[in-house]
Amino acid sequence: MIPSGQAKLAGVMGWPVGHSCSPRLFGYWLDKYGIDGAYVPLAVEPRHFGQALRTSAVMGFRGINITVPHKTVALGVVDEADEAARRIGAVNAVTVRDDGSLWGANTDGFGFMAHLRARAPRWRAAHGPAVVIGAGGASRAICAALCDAGVPEVRIVNRTVARAEAVAIALGDPIKVMPWIARTSALEDASLVVNATTQGMAKEPALDLDIAGLGKDAVVYDIVYAPLETPLLRAARAAGNVAVDGLGMLIHQACPSFKAWFGVEPDVDENLRHDLAQNI
Ligand code: ATR
């Protein structure tokens with residue numbers, strides 16, 4: 001559909017931004033629901049980011065997704081931010097309010113949990129400890145979501161232990177830092193293990209994690225989505241564990257923004273997954 005003069009506008013800011021799947025994802029939903037709207041990639045250099053974000057509001061944009069490397073800086077640019085964004089220290093979606101002010105949100109944790117509940121409906125927070133490998137921005141959002149969901153213990157394991165300790169300080173009680181060397185034993189009574197590192201991505205080595213000691217009812221979740229089936233997920237499926245890929249997290253994290261900016265609660269359908277998987 002060609003946008004009219006009244007089209008609802010949104011976009012994604014990053015530097016570079018060409019890798020972002022968001023234009024395809026939002027474009028799919030705009031077509032599916034026949035919405036008069038447009039969602040565009042916006043390549044914005046870091047030194048212009050604050051000015052560009054403010055200007056987008058003046059230009060009539062309803063919302064902007066934020067991607068690498070602007071997510072942390074965005075928290076300091078918005079007028080207000082939701083609790084998730086403040087705890088995580090990063091914003092991935094900015095909504096322009098009616099008075100022109102900027103509201104920052106972080107929907108990564110929401111996307112993580114929504115996809116977990118969709119793909120592993122029998123998983124319950126109370127079932128036992130969760131192990132999160134990695135301590136970057138994605139890990140922080142996931143750990144916060146798991147704490148909020150009521151997971152009794154969230155074990156965070158990272159190659160650089162100081163980064164894991166920083167997450168523990170930011171999030172508090174259910175977080176327990178374990179050394180990298182103990183990552184295999186950390187899995188023993190876990191009900192969920194999450195790869196929140198970049199290991200397993202195309203052109204990267206597989207995550208160095210032996211899941212042989214993991215219980216058969218445990219869920220294995222890899223936030224990597226290119227490739228869709230990482231070596232970790234292949235090993236999990238072979239062992240009979242429920243394996244959850246990262247593509248659904250990416251799709252689900254976009255749902256609240258689409259609803260806020262275009263007025264429709266979008267569906268996460270298999271066609272969309274297929275379309276994105278073909279084009280990553
Ligand atoms: P994001 O914000 O997307 O989570 P990031 O901040 O770059 O990305 O974090 C990447 C994560 O992958 C980190 O936990 C990183 O570990 P370090 O903190 O020790 O750097 C992890 N990672 C990257 N390469 C790794 C490797 N070869 N082995 C283990 N972990 C690795």
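In this predicted model, 13 residues surround the ligand, and the closest of them are Ala-135, Asn-158, Arg-159, Thr-160 and Arg-163. Polar contacts to ligand oxygen atoms are made through both backbone and side-chain atoms, as tabulated here.

| Residue | Atom of the residue | Distance to a ligand oxygen atom |
|---|---|---|
| Ala-135 | backbone N or O | 2.9 Å |
| Ala-138 | backbone N or O | 3.2 Å |
| Thr-160 | polar side-chain atom | 2.5 Å |

One of the closest residues, Ala-135, can also be related to a position in helix α7. Ala-166 belongs to that helix, and its C-alpha atom lies 8.5 Å from the C-alpha atom of Ala-135, although 31 residues separate the two in sequence. Is Ala-166 buried, partly exposed or exposed? With a relative accessible area of 33%, Ala-166 is partly exposed, because this value falls between the limits of 20% for buried and 50% for exposed residues.

**Strands β7, β8 and β9**

Strand β8 comprises residues 154–157 and is covered on both faces. Val-154 and Ile-156 are buried on one side, while Arg-155 and Val-157 are buried on the other. Strand β7, residues 130–133, pairs with β8 in the parallel sense through four bridges. Within this pairing, Ala-130 has Val-154 of β8 as its bridge partner. The connection from β7 to β8 passes through helix α6, residues 137–149, and forms a right-handed β-α-β crossover.

Strand β8 is also joined to strand β9, residues 175–178, by four bridges, and these two strands run parallel. Here Val-157 is placed opposite Met-178 of β9. A right-handed β-α-β unit is made by β8, helix α7 (residues 161–171) and β9. Ala-166, discussed above, is therefore a partly exposed position on the helix of this unit.

**Strands β1, β2 and β3**

Strand β1 spans residues 8–14, and five of its seven residues are buried, so the strand is largely enclosed by the rest of the structure. Its pairing with strand β2 (residues 37–43) is parallel and extends over seven bridges. Gly-11 stands opposite Val-40 of β2 in this arrangement. Together with helix α1, residues 22–32, strands β1 and β2 compose a right-handed β-α-β unit.

Strand β1 also runs parallel to strand β3, residues 61–66, with five bridges joining the two. Met-13 has Ile-66 as its bridge partner in β3.

**Helices α5 and α9**

Helix α5 contains twelve residues, 108–119. At 1.5 Å a residue these should span 16 Å, and the end C-alpha atoms are 17 Å apart, so the two values agree. Its buried residues are Asp-108, Gly-109, Gly-111, Phe-112, Met-113, Ala-114, His-115 and Leu-116.

Helix α9 covers residues 247–262. What span should its 16 residues have at 1.5 Å a residue? The expected span is 22 Å, and the end C-alpha atoms are 22 Å apart, which agrees. Helix α9 nevertheless has a kink of about 30°, centred on Pro-256. Most of the helix is covered, with 13 of the 16 residues buried. After α9 comes Gly-263, which has a positive phi near 80°.

Terms used
Residues numbered from 1 in each chain as written. Predicted model: local features only at pLDDT ≥ 70, side-chain atom pairs only at ≥ 80, totals over all residues. Heavy atoms only, no water. Buried < 20%, exposed > 50% of the residue type's maximum accessible area, 1.4 Å probe, protein only. Pairing = 2+ DSSP bridges. Right-handed = clockwise from strand over helix to strand, strands pointing away. Expected span 1.5 Å × (residues − 1). Bend = angle between axes of the 7 residues up to and from the residue. Near = heavy atom within 4 Å. Polar contact = N/O pair within 3.5 Å; in protein donor to acceptor, adjacent residues only side chain to side chain.
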